[in-house]
Amino acid sequence: MKLRKQVTVCGGAIFCVAVFSLYLMLDRVQHDPARRQNGGNFPRSQISVLQNRIEQLEQLLEENHQIISHIKDSVMELTDTGAVSPSGHLPFRSANGSWVLPFDGRPSFVAVKSQDCQVAVDNHGQSDLQMLDVYSLLKFDNLDGGVWKQGFDITYEPEEWDKEPLQVFVVPHSHNDPGWIKTFDKYFLEQTQHILNNMVLKLGEDPRRRFIWSEISYFSKWWEGADKQKREVTRKLVKSGQLEIVTGGWVMTDEANAHYFAMLDQLIEGHQWLETNLGVKPQSGWAIDPFGHSATMAYLLKKANLTSMLIQRVHYSIKKHFASTRSLEFMWRQSWDKSSDSDIFCHMMPFYSYDVPHTCGPDPKVCCQFDFKRLPGGRVNCPWKVPPKAVVEANVEERANLLLDQYRKKSKLFRSKVLLVPLGDDFRYDMALEWDQQFSNYQRLFDYMNAHPQMHVKAQFGTLSEYFSAVYKAGGVAQGARPADFPVLSGDFFAYADREDHYWTGYFTSRPFYKSLDRVLESHLRGAEILYSLALGHARHAAMEGRYPVADYALLVDARRTVALFQHHDAITGTAKENVVVDYGASGHSERFAILPHIHPFMHTFTHRRRCQPRKATGADWARYLVLYNPVEQERLCAVSVLVNTAHVRVLTEDGQTLPVQVSAQWASPIQMSSEATFMARLPALGLAVFHLYNMADSPMTLRSDTLLRLPGAGVSARAVDPLPVRSHISLHPPSPCVLPMKSIRLKDDPQEVKVQMHFLVYGTRPSKDKSGAYLFLPDGTAKPYVQKEPPVVRVEEGPLFSEVVSHFQHFQQTVRIHNVPGADGLSVELSTAVDIRDQTNKELAMRLVTDIQSGDVFHTDLNGFQMQARRQFLKLPLQANFYPMPSQALIQDSQHRLSLHSAQALGVASLESGQLEVILDRRLMQDDNRGLGQGLKDNKKTVNRFRLLLERRDTGNAVRTGAPAFPSLLGHLTGAVLNHEVLALPVLPKKRGVPQLQTFCPLREPLPCDFHLVNLRSVVSQVVDRYSEEAIVSLSYPMILHRKGMDCSLESPSLGFNCSTTQGQLGVSGLLRGLDLQLLQPVSLTLMHSAPPLANDSSVSLNPMELSAFKLKLR
């Protein structure tokens, strides 16, 4: 009888929703002034208005249809369970084993316009060089090239420069790693501060001298200790052009493992420091040491208004190919860009390294003779056994001609007669003597060359931007424009090999514990940034600014800089000394716990003031409050788990509604446990929701998980051999508990089962001289199956909100969980692997997914969590060359299905056979790989790697487009967001006089369109410093950074658990934030240094698919 009443009520709801929706449509049309004008006679100027109204009506009809379908499905699920709750309460378990949960009561719809998916189907811009095609073309044969071992012999005719002399720019530099062999602080004390102190003195001795600097983390630390005179001299050197700041990031970021949020954040931190203290805006990018290069970095630099960039660590075969075709300078274009808007001019250094022997020309034996730090008597010499000679009048002619020969040969690899010659190395110029040796000897060479017109060369010291300006001038184009006949390139430069088959693919996984910690810190930092900005805005609105002193902002700045420092290409990569890694980790842990407590004051401001709906009485006021923060810009329906000290838990919403709770064991080991409470929560976009937890007798809404444990040799017959009895969109079929807990996935209502088997494998390292290390992956052949003597302990846990299978192996614990909740949580499989290989020697543990998806040799990996890049498995390359970075996602697909593996941490990934994805989970290596570190990887920690496995069915008639860039579906984007932006649980301790009356807070009037992502909402509190008094002039603004995601709509769209619509890239900002007034809306560059004219406050901003844009807001 009760079930019939529910069906009747829901059926009535369908009717009411239909009638009310039609009423709203009619009301909207009748009250449209354009509709009433001219008695229905529409002039041509109103045709577009009528068309828009028709489109709105169509969208309303579609939304109404989806709402009704959702309610109908819910009713059908209730009637199809085949049982009635014996107690009359929900949740209950039906006869077919499925759990029936209380109806959420909030129908949802997905209304995505076809135009918003066009980026995935359009023909994309043509490029002259597509890196995947270049890989297909090359033989990778590594022939001996003579003096340029990895290249070829270069010849020239002496008269080639008679009409247009060669311009040579020698660019002195010092590469300062913010931690590697020594810690950041030790490097600074022993070397970096001396480099910068000498720079101030030595550049001032001759106005012809130049120097470039990149790492602002070091520069800012030096600046703090510099006296007023040094600061003023430095500003003059910058203003005169003798000193150039290149890139200007907090660090020279890694480009393989780093997420684009952190890459951009460290760039903002550096640029904001520069603008505040030096008033300088970087023009050129300088990336000489990251181990491979990403197209994402090129895009970030372009959107930060840099016009040119330089890269160095690229596979030697690619360098040789580009040098042979004179394509070492090109316009780097994003793969989705149909125009040239994303183009940035890029220079690729042609030779092995960025040190002096490999920068003046193709012959390192000759170039080393012009590194005057290696003069006889010093601590550094030339490996080629021919030392440099001091330049004097007696030998200047011979020395100048020898050097010019190298310059001319190098220039033959480029299309212009302008040549760049870097002059430096790691931590160079720390002694005053080196400044004198390098600058004095080179100046004598330049003076001789320039004084002899028959040499047809003009040589000088220069900065990076001076070189690029000369290239543009020679090509007759504006700064940053494409010179005639220069190629356009799209793609990236992974994987990097510096010689032989030595591929730098090991660091994609090295020290995964810290890679995982980094991603957690980024999520917490972003949450703190947004909450702090909202708190300041509401405090100002309520005239309560005094409650938020600058000290809190200083803590936020410290957190920014800690996360920024870890993006350094020897930090997140896992390629620093053990004591340096500990130093990074200690800072990261302290910042993590420093950020979260300071979220609480912001939280109290919101939860005391603004709420989404009227509050009802909750009865007892002694409940434990739990505040949940949703860092995602859309409403979220998800399962939330919290540790509790009792199994008797009751959870209420703010308005007193009791929620279903699943109480389960939190296992510290296969047989030791504590309690965990899981409940389903609906959270407002970017908002805070309040829940009450009671310790009280069980209610019908509190259910304990059923647990089945299979111990080796116990002979227990596990029920988990059958499909897990969970009413979910995914059915999981575990095989025998002796093996691994998954063999296939089947989407709900899809008769076709997709084979998905999970294998664990082990790689060793080769027995020869060269072995795997922190950088290199040099396996001893194909992976071998992971085996152990005893079968694993298998635990199966079943309940109304989730069910999971956990397999306890000797070196890892594998958990496969499915959620029985609507939306993104319930549409993917949650995987976690707790790895502990501390007793292993030279082993690497891998997880391989084997499916029957016909993906061929093509798969896709993400670049920095920002975009997808097509990959191909090449049999002509060694196994290690087919691994790529996976910061957040990899996928395989065919004409029917797509399988995506979403990752919460950066790891290395490959697809070595059709239908496979393989991830390296951890590496323990006992030796150095001869790349300068001097250590292996022996400091492993027990690490939990977290994933989401998403299977999607392709709509019929939507074929996979070979060679086209891939884009995640809407569900794919949401799955990544769920994994990487977890709900932050903030317990509130009761005070002596009871718990404060906290209330749910909704900061947005409505969620953002579901193809928009709020990258960050920063606060800039003290932006300007008077350069003479050096007193801070307080200025408060809120830079808002938005990303409009590219989506593939050729995959089926299930219900997401919330209302989702798109707006063709339009976003109204003035009405976005509830309770705050917009006083300024100004487009700015991504790092906030360049401003466009302000927009009207009521304007909508417009973003193209894949576009990142920043806007400065002022709120009151």
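## Worked exercises on a predicted model

Threonine 702 belongs to strand S24, which covers residues 702-704. The model is predicted, so the exercises below work with computed values.

### Exercise 1: a threonine and its neighbours

Work out whether threonine 702 is buried or exposed, and find which backbone atom its side chain reaches.

**Solution.** Start with the accessible area: threonine 702 has a relative value of 11%. Buried means under 20%, so threonine 702 counts as buried. Next, follow the side chain, which gets to the backbone oxygen of valine 649 at 2.8 Å. Then list the contacts, skipping residues up to four places away in sequence: threonine 702 touches Val649, Arg650, Val661 and Val663.

### Exercise 2: ordering a sheet

Put the strands of the open sheet that contains S19 and S20 in order, and say which strands are at the edges.

**Solution.** The sheet has 5 strands, paired antiparallel, and reads S20-S19-S23-S17-S43. Its edge strands are S20 (658-659) and S43 (984-988), each of which pairs on one side only. Now zoom in on one pairing: strand S19 (residues 649-653) is joined to S20 by 2 bridges, and the two run antiparallel. For a concrete partner, take leucine 652, which is bridged to threonine 658 in S20.

### Exercise 3: a strand with two covered faces

Describe what flanks strand S40 and how its two faces are covered.

**Solution.** Take the faces to begin with. In S40 (residues 907-910), Leu907 and Val909 lie on one side and Gly908 and Ala910 on the other, and all of these are buried. Now the pairings. Strand S37 (residues 884-886) runs antiparallel to S40 and is joined to S40 by 3 bridges; in that pairing, methionine 886 has leucine 907 as its bridge partner. Strand S41 (residues 916-924) is also antiparallel to S40, again with 3 bridges, and here glycine 908 is partnered by isoleucine 920. Finally, check the turn: the hairpin of S40 and S41 has 5 residues between the strands, and glycine 915 takes a positive phi near 80° there.

### Exercise 4: a loop glutamine

Locate glutamine 896, then classify its exposure and find its contacts.

**Solution.** Glutamine 896 is in the loop that runs between strand S38 (889-893) and strand S39 (897-903). Its relative accessible area is 42%. Partly exposed is the class between the 20% and 50% cut-offs, so glutamine 896 is partly exposed. Leaving out residues up to four places away in sequence, glutamine 896 touches Gln752, Glu952, Arg953 and Arg954. Pick arginine 954 from that list: its C-alpha atom is separated from that of glutamine 896 by 5.1 Å, although the two are 58 residues apart along the chain.

### Exercise 5: ring geometry

The structure holds 56 aromatic pairs. Classify the pair of phenylalanine 494 and phenylalanine 508, then do the same for tyrosine 786 and phenylalanine 812.

**Solution.** For phenylalanine 494 and phenylalanine 508, the centres are 6.3 Å apart and the planes make 85°. Planes over 60 degrees apart count as edge-to-face, so this pair is edge-to-face. Phenylalanine 494 sits in the loop between strand S14 (488-490) and strand S15 (497-499), and phenylalanine 508 in the loop between strand S16 (502-503) and helix H15 (512-541), 14 residues apart. Both of these phenylalanines are buried.

Tyrosine 786 and phenylalanine 812 also come out edge-to-face, at 5.1 Å centre to centre with 65° between the planes. Tyrosine 786 is in the loop between strand S29 (784-785) and strand S30 (793-798) while phenylalanine 812 is in strand S32 (residues 812-819), so the pair ties together parts 26 residues apart in sequence. Tyrosine 786 and phenylalanine 812 are both buried.

### Exercise 6: charges over rings

Which rings have arginine 817 and lysine 941 over them?

**Solution.** Arginine 817 places its charged end over the ring of phenylalanine 802, 3.7 Å from the ring's centre. Lysine 941 lies over the face of phenylalanine 513, at 5.9 Å from the ring centre.

### Exercise 7: the whole chain

Summarise the chain by its elements, burial and contacts.

**Solution.** Count the elements: the protein chain has 19 helices and 52 strands. Then burial: of its 1116 residues, 61% are buried. Last, look at contacts between residues at least 6 apart in sequence, of which 76% join residues at least 24 apart.

Conventions. Residues are numbered from 1 along each chain as its sequence is written. This is a predicted model: local features need pLDDT of at least 70, side-chain atom pairs count only at pLDDT 80 or more; totals for chains, interfaces and linings use all residues. Side-chain values use heavy atoms; hydrogens and water are left out. Two strands pair if DSSP finds at least two bridges between them. Helices (H or I, at least four residues) and strands (E, at least two) are DSSP runs, numbered from the N terminus. Buried means under 20% relative accessible area, exposed over 50%, partly exposed in between (1.4 Å probe, protein chains only). Contact means heavy atoms within 4.5 Å. A polar contact is a pair of N or O atoms within 3.5 Å; within protein, one must be able to donate a hydrogen and the other to accept it, and residues adjacent in sequence count only if both atoms are side-chain atoms. Rings of Phe, Tyr and Trp (its six-membered ring) pair if their centres lie within 6.5 Å; planes under 30 degrees apart count as stacked, over 60 as edge-to-face and the rest as tilted. A charge sits over a ring if NZ of Lys or CZ of Arg is within 6 Å of the ring centre and within 35 degrees of the ring normal.
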